[in-house]
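Work through these exercises with the model open beside you. Try each task before reading its solution.

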Amino acid sequence: SKLKNSLVKTKNNFSGKIDQLINYSGVYDDEFFEELEEILILADLGVETTNTIINKTRERIQIDNIKDKEKVKSVIKEIVREILIDDEVTSFKYPMVILVVGVNGVGKTTTIAKLANLYKKQGKKVLLAAGDTFRAAAVEQITIWSQRLNIDIIRNDQGADPASVIYDALQAAKARKTDVLICDTAGRLHNKDNLMSELSKINRVIANESEFFTQYNLLVLDATSGTNAVNQANVFNQATKLDGIVLTKLDGTSKGGIVIPIKSQLKIPIHFIGVGEQMDDLQEFDASTFVDALF
Ligand code: GDP
């Protein structure tokens, strides 16, 4: 499958190395766990998540007195699956506003286009809002997508107040009976205060229409950036409420294991993954399918 192909490098770097260790060790002593720890750290899982996995693995191997290599592998796989599975399933209610946030370059515009394409294919009425008024290129790029997808867009000149673009888009969405309004935002992380005030202003504008729309804030992260993705998520988490994550560029990276610390440390559900540059290369994230592809 597309997902399996996308995760080949990640698999080599993650479960492939765990398999090698298990096949070669045979005993589950301190040395084994030290080497497992090294593999997890090198796969960018971070100290916290690595410790969680190590402790749980140690505990289960001991309690169940597991010796069989295949069983040890499946214990680790189960622990990862448990981390990735969501306790609560988010229910999407239409009409909705999706506010898309993330740093420039992570694949935000492409993701917006992919989402628009997805909802349009489902028969939803979609509208786009060019809320990244900071970069002229951003408005141009999302406009090109809107033309390609034949989806309407609300835009203003570069430098216009992003909140006012979003306000106009909300009014248009009400008038046109839009099911899904997808809003782009600026991704200048170096200016944290600007980011915070801009997002809180936009959030207020959308909240004012909460009787008409369900708001859903989506953070886009780039899997190839490894631990940096977790850092970005922490910054955005402080700047705005986050309901879900889209993890892009999982295809071709060896750093896909980053889904694990993202999920375990941030407690924000991963809703979609990007597995390519084409419009259909957006998949709903399913923990079990993902883990099966990863191991
Ligand atoms: P933005 O600056 O965050 O809006 O980023 P863009 O949407 O312009 O994407 C930056 C680059 O990443 C473009 O070349 C996209 O084609 C590429 N890209 C986006 N998502 C994916 C993905 O899931 N997989 C791959 N391989 N490339 C992607």
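**Exercise 1: Two loop residues**

Asp 161 sits in the loop that links E3 to helix H9 (162–175). The model is a predicted one.

Task: Is Asp 161 buried or exposed, or does it fall in between? Then classify Thr 185 in the same terms.

Solution.
- Step 1. Take the cut-offs: buried means under 20% relative accessible area, exposed means over 50%, and partly exposed lies in between.
- Step 2. Asp 161 has 32% relative accessibility, so it counts as partly exposed.
- Step 3. Place Thr 185: the loop between E4 and helix H10 (192–207) holds it.
- Step 4. The relative accessible area of Thr 185 is 1%, so this residue is buried.
- Step 5. Look for a partner of the Thr 185 side chain. One of its polar atoms lies 2.7 Å from the backbone oxygen of Val 100.
- Step 6. Return to Asp 161 and find Leu 266. The two are 105 residues apart in sequence, and their C-alpha atoms are 30 Å apart in space.

**Exercise 2: Strand E2 and its neighbours**

Task: Which residues of strand E2 lie on each side? Which residue stands opposite Leu 127 in E3, and which is its bridge partner in E4?

Solution.
- Step 1. Recall the rule: side chains in a regular strand alternate between the two faces of the sheet.
- Step 2. Apply it to E2 (residues 126–129). Val 126 and Leu 128 are on one side, Leu 127 and Ala 129 on the other. All of them are buried, and both faces are covered.
- Step 3. Pair E2 with strand E4 (residues 180–183). Four bridges join them, in the parallel sense. Leu 127 has Leu 181 as its bridge partner there.
- Step 4. Pair E2 with strand E3 (residues 152–154). The sense is again parallel, over three bridges. Here Asp 152 is opposite Leu 127.
- Step 5. Follow the chain from E2 to E3. The path goes through helix H8 (residues 136–149), and the β-α-β crossover is right-handed.

**Exercise 3: Strand E6**

Task: How many residues of strand E6 are buried? Which strands pair with it?

Solution.
- Step 1. Strand E6 spans residues 244–248, and five of its five residues are buried.
- Step 2. Split them by side. Gly 244, Val 246 and Thr 248 share one side; Ile 245 and Leu 247 take the other.
- Step 3. Strand E5 (residues 214–222) runs parallel to E6, with five bridges between them. Leu 218 stands opposite Gly 244.
- Step 4. Trace E5 to E6. The chain crosses through helix H11 (residues 227–239), a right-handed β-α-β crossover.
- Step 5. Strand E7 (residues 270–274) also runs parallel to E6, joined by three bridges. Ile 273 in E7 is the bridge partner of Leu 247.
- Step 6. Trace E6 to E7. With helix H12 (residues 259–266), these strands make a right-handed β-α-β unit.

**Exercise 4: The ligand shell**

Task: Which residues are closest to the ligand? How many in the shell are nonpolar, polar and charged?

Solution.
- Step 1. The ligand is surrounded by 17 residues, the closest being Gly 105, Thr 109, Thr 110, Asp 251 and Glu 277.
- Step 2. Sort the shell by type: three nonpolar, eight polar and six charged.
- Step 3. Find the main contributor. Helix H7 (residues 108–121) gives the most, with four residues.
- Step 4. Check backbone contacts to ligand oxygen atoms. A backbone N or O atom of Lys 108 is 2.7 Å from one. For Lys 249 the distance is 3.0 Å. A polar backbone atom of Gly 276 lies 3.2 Å from a ligand oxygen.
- Step 5. Consider the area. The ligand alone exposes 580 Å², and the protein buries 79% of that.

**Exercise 5: Backbone angles to check**

Task: Where is Lys 249, and what is its phi? Where is the cis peptide bond before Pro 95?

Solution.
- Step 1. Lys 249 lies in the loop between E6 and H12. Its phi is positive, about 60°, although Lys 249 is not a glycine.
- Step 2. Lys 249 has a relative accessible area of 31%, so it is partly exposed.
- Step 3. Turn to Asp 44, in the loop between helix H4 (30–42) and helix H5 (46–63). Its phi is near 70°, also a positive value in a residue other than glycine.
- Step 4. Asp 44 counts as buried, because its relative accessibility is 18%.
- Step 5. The cis peptide bond joins Tyr 94 and Pro 95, with omega about -10°. Pro 95 belongs to the loop between helix H6 (69–84) and strand E1 (96–101).

Notes:
Residues numbered from 1 in each chain as written. Predicted model: local features only at pLDDT ≥ 70, side-chain atom pairs only at ≥ 80, totals over all residues. Heavy atoms only, no water. Buried < 20%, exposed > 50% of the residue type's maximum accessible area, 1.4 Å probe, protein only. Pairing = 2+ DSSP bridges. Right-handed = clockwise from strand over helix to strand, strands pointing away. Near = heavy atom within 4 Å. Polar contact = N/O pair within 3.5 Å; in protein donor to acceptor, adjacent residues only side chain to side chain. Areas by Shrake-Rupley, 256 points an atom, 1.4 Å probe, with all protein chains shown as cover. Nonpolar A, V, L, I, M, F, W, Y, C, P; charged D, E, K, R; others polar.
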